[in-house]
Amino acid sequence: MKRIHLAAPAVNGREMAYVRAAFESNWLAPAGANLPAFEGRVAALCGRKEGVALASGTAALHLALRLAGVDNGDVVFCSALTFVASANPILYLGARPVFLDSAPGDWNLSPDALWRAFRQYRPKAEVAVDLYGTPARLFEIEELCKQYGAALVEDAAEALGSELEGRPAGSFGESAALSFNGNKIVTTAGGGMLLTNDPERAQKARFWAAQAKEPAKHYQHRELGYNYRLSNVLAGIGLGQLETLGEFLEKKRRIRQVYEREFAGLPGVSLNPLPPNTRPNCWLTCLRIDPKTGVRPEAVLRALEEENIESRPVWKPMQLQPLYTGAPFFAHEEGKTPVSSALYAQGLCLPGDIRCTAEDLARVVKAVKGCFGKERAGG
Ligand SMILES: Cc1ncc(COP(=O)(O)O)c(C=O)c1O
């Protein structure tokens, strides 16, 4: 039985022309024509003036926070329900994370939690994640950040191609981060991009990303740098991938539609909500299972694995991660079970692989529905 993946790279055959050009020009890394072309194309797609291609989305977040002036001991707010890479750059800079719960309406950062957190802390920055490709309530979040003097960093790692009220993901905040990791909608086999409208910030990010080398023959260093630049070869893969971004988006959204149609009739089962003012890329679709159904997400994960189908629990939120034990946390509603903890306990991500065929999706649907049939039969 063929393995069905959660989100594997979808090679489209356009990548090799750019990779070949890099080889033929002998510009492999880190400079060369693919790099500025890739940066320009992604920045334009995201409505930004500048893009800085980097080795990872994590590197983009690290540089974004440093550009925001985050330093030792500073407080940084961060969405709790996310992959750990959203939060780790806060620790890289010696800063202190404060985690914010999800809102039930979109699973993204709760403006209610944010508002309460601002009453207690004065953060340097706020990392707002567009979870599973759905843009957060970024207009409200941006407004609150402005009011309290915090720099907004949009973690759009999962959201290339998504929109909020017609504005592209990656266009919000002082800067934003994208990921081109192998599981993302566009991949460079590992990579990321920092997006900003400020050419000086972009320049600084490029400088730090290339070991902060000052223009002296002997490599003068005044500031701490990193080896974070994306190679020209990998930027070529990204350029090739971008040529079919439209098709990739269509495919992801069609996968979501199949799940919507197929699971609409299952009592106690819902999908991650997509607010009507968003046009998400549907990077991954998640199931939420009401505990009253008697079906545990672990049982569905197991049943899918038995059918050689990859699935995963919803991100384990940061307030439950041992690495972040003791970090302050603000729930959506004070004194209530955090929304993000409930989503972790009740949710799982279904395959959203671009190469999934109709037959593959039918296999996924059958395996999921089978769990509910079995559970009901067993009382
Ligand atoms: C929400 C989120 N932020 C940050 C990252 C980090 O990106 P990368 O893996 O390219 O470092 C990822 C994905 O891996 C992510 O899903």
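How many bridges join strand 3 to strand 14, and in which sense do the two run? Keep that in mind as you click around; this is a predicted model, and the tour gets to that corner shortly.

**Stop one: the two domains**

Colour the protein chain by domain: residues 15-242 are domain 1 and residues 245-377 are domain 2. Their centres, taken over C-alpha atoms, sit 26 Å apart. Now show the contacts between them, which bring together 37 residues of domain 1 and 33 residues of domain 2. On the domain 1 side, strand 3, helix 5 (111-120) and strand 6 (163-164) are the elements that each supply two or more residues. Colour that side by residue type and you get 22 nonpolar, eight polar and seven charged residues.

**Stop two: the sheet**

Hide everything but the strands of the open sheet. There are eight of them, in the order 1-9-8-5-4-2-3-14, and the pairing is mixed. Strand 1 (50-54) and strand 14 (329-330) form the edges, each pairing on one side only.

Next, select residues 75-79 and 96-100: these are strand 2 and strand 3, parallel partners over five bridges. Two residue pairs are good to label here. Phe77 has Val98 of strand 3 as its bridge partner, and Cys78 stands opposite Phe99, also in strand 3.

On to the opening question: strand 3 and strand 14 run parallel and are joined by two bridges. Pick Leu100 and you will find its bridge partner in strand 14, Phe330. Strand 3 is also largely enclosed by the rest of the structure, because four of its five residues are buried.

**Stop three: helices on the sheet**

Bring back residues 34-45. This is helix 2, which packs on the sheet and touches strand 1, strand 8 (175-179) and strand 9 (192-196). Its direction makes about 125 degrees with that of strand 1.

Then add helix 3, residues 57-67. Helix 3 lies across strands 1, 2, 4 (125-129), 5 (151-155), 8 and 9. Look along strand 8 and compare directions: helix 3 runs at about 170 degrees to that strand.

**Stop four: the ligand**

Centre on the ligand and show what surrounds it: 14 residues, the closest being Ser56, Gly57, Thr58, Ala85 and Ser179. What is the make-up of this shell in nonpolar, polar and charged residues? It divides into four nonpolar, eight polar and two charged.

**Stop five: loop residues to check**

Which residue in the loop between strand 6 and strand 7 (167-168) should you pick? Go for Glu165. Its phi is near 45 degrees, a positive value in a residue other than glycine. Most residues other than glycine have a negative phi. Glu165 counts as exposed because it has 11 C-beta neighbours inside 10 Å.

Tyr219 is another one to select, in the loop between helix 7 (199-209) and helix 8 (232-242). Its phi is near 55 degrees, again positive in a residue that is not glycine. With 10 other C-beta atoms within 10 Å, Tyr219 is exposed.

Last, move past strand 14 to Glu333, in the loop that leads to helix 11 (339-346). Is Glu333 buried, partly exposed or exposed? It counts as partly exposed, with 15 C-beta neighbours inside 10 Å. Draw a C-alpha to C-alpha distance from Glu333 to Leu160 to finish: the two are 30 Å apart in space and 173 residues apart in sequence.

Key
Residues numbered from 1 in each chain as written. Predicted model: local features only at pLDDT ≥ 70, side-chain atom pairs only at ≥ 80, totals over all residues. Near = placed C-beta within 6 Å. Nonpolar A, V, L, I, M, F, W, Y, C, P; charged D, E, K, R; others polar. Pairing = 2+ DSSP bridges. Contact = placed C-beta atoms within 7 Å. Axes fitted to C-alpha atoms, helices over the stretch in contact; angles between N-to-C directions. Domains from an automatic or database assignment. Buried ≥ 20, exposed ≤ 12 C-beta atoms within 10 Å, placed from the backbone.
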